[in-house]
Every structure is written in structure tokens, then in C-alpha cells.
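Dear colleague,

I am passing on a structure that I would like you to look over when you have time. The chain is shown just below, and my notes on it follow.

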Amino acid sequence: MQVQAITRNVRMSPQKMREVVRQIQGLPAQEAVARLAFVPRKSARLVEKTLKSAIANAENNAKAKAETLTMREAVAQTAMRMRRFTPKARGSAGPIVKRFSHIKIVLSDE
């Protein structure tokens with residue numbers, strides 16, 4: 001059975017998220033949580049929170065045991081962009097793009 005958890009509109013670029021998400025793909029869920037605890041990045045904390053949510057979904061909704069769960073899919077996708085402008089020379093403006101991302105984690109007990 002597959003169980004998933006999605007965190008939407010996280011205030012971090014998907015490029016930074018993908019570096020952490022790639023490290024845990026294909027691992028057992030408990031080992032992935034242990035690895036994320038030692039990664040010194042903000043994105044690791046956000047991915048860990050989503051992973052723990054997926055594990056809780058599996059235990060409560062699907063009656064699966066946390067020891068049997070493995071990472072089926074871990075994806076950081078592009079979300080909305082917040083656009084801002086900063087003043088430049090001669091009255092013009094330069095764009096600033098603040099990126100957001102979605103984190104999707106799918107666990108399986110198969």
C-alpha cells in the first residue's frame with residue numbers, strides 16, 4: 001500500500017530542496033529520518049517534517065508499521081513565484097524572483 005504526504009508552498013527554491021531529497025530516495029523510512037537529522041540545512045528540516053507526516057499517515061490511516069516502510073518517491077516540485085522589484089539606475093527596476101516549492105513523499109510497505 002502506498003501512502004503520501006505533501007507540503008505545499010514552502011518558502012525555499014526547489015533547486016535547494018532537490019539536493020536533500022535526492023539523498024533519501026530509495027531508503028527505508030527510518031533510515032531516511034536518521035540521515036536527515038544530521039544534514040545541516042533548512043531544507044533537510046522541512047523534508048524531515050514531511051517524511052514524519054507520511055510515516056504518521058501510514059501508521060494511522062493504513063495501519064502499516066514504520067519499520068516496513070520504504071521511500072517509493074521523494075520529489076521537490078516548483079510552486080508559485082513571488083515577484084518583487086528593486087530600484088536600479090536612471091529610474092528603472094530590476095526583477096527579484098522569490099521561489100517556492102512543493103515537497104511530495106510517497107512511502108510503500110511492499
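I would start at N9, which is found in strand β1, the strand that spans residues 2-10. Please bear in mind throughout that this is a predicted model. The backbone at N9 deserves a look, since phi there is positive, at about 55°, although the residue is not a glycine. As for its surroundings, N9 is partly exposed, with a relative accessible area of 39%.

A second residue with this kind of backbone is R90, whose place is in the loop between β2 and β3. Its phi is near 60°, again a positive value in a residue other than glycine. R90 has a relative accessible area of 87% and therefore counts as exposed, the cut-off for that class being over 50%.

The loop that holds R90 belongs to a hairpin, in which β2 and β3 are separated by 5 residues. The two strands, β2 with residues 70-87 and β3 with residues 93-108, run antiparallel and are joined by 15 bridges. If you want a point from which to follow the pairing, A74 stands opposite I105 in β3. When you trace side chains along these strands, it may help to recall a general point: in a regular strand the side chains alternate between the two faces of the sheet.

Stepping back to the whole chain, I count 3 helices and 3 strands, and from the N terminus on they follow the order β-α-α-α-β-β. How does the radius of gyration of the protein chain stand against that of a compact globule of 110 residues? The chain has 17 Å, whereas such a globule would have a value near 13 Å. Along the principal axes, the C-alpha atoms fill a box of roughly 65 × 25 × 15 Å.

On burial and contacts, 37% of the 110 residues are buried, and, among contacts with a separation of 6 or more, 68% are between residues 24 or more positions apart. The accessible surface of the chain comes to about 6900 Å², and carbon and sulfur atoms contribute 49% of that area.

Finally, the charges: the protein chain carries 22 positive and 8 negative ones, and the mean positions of the two sets lie 18 Å apart.

I would be glad to have your reading of the two positive phi values, at N9 and at R90, once you have been through the model.

With best wishes

Definitions and conventions. Residues numbered from 1 in each chain as written. Predicted model: local features only at pLDDT ≥ 70, side-chain atom pairs only at ≥ 80, totals over all residues. Heavy atoms only, no water. Helix = DSSP H or I, 4+ residues; strand = E, 2+ residues; numbered from the N terminus. Rg over C-alpha atoms; globule rule 2.2 N^0.38 Å. Buried < 20%, exposed > 50% of the residue type's maximum accessible area, 1.4 Å probe, protein only. Contact = heavy atoms within 4.5 Å. Areas by Shrake-Rupley, 256 points an atom, 1.4 Å probe, with all protein chains shown as cover. Lys, Arg positive; Asp, Glu negative; His and termini not counted. Charge placed at Lys NZ, Arg CZ, Asp CG, Glu CD. Pairing = 2+ DSSP bridges.
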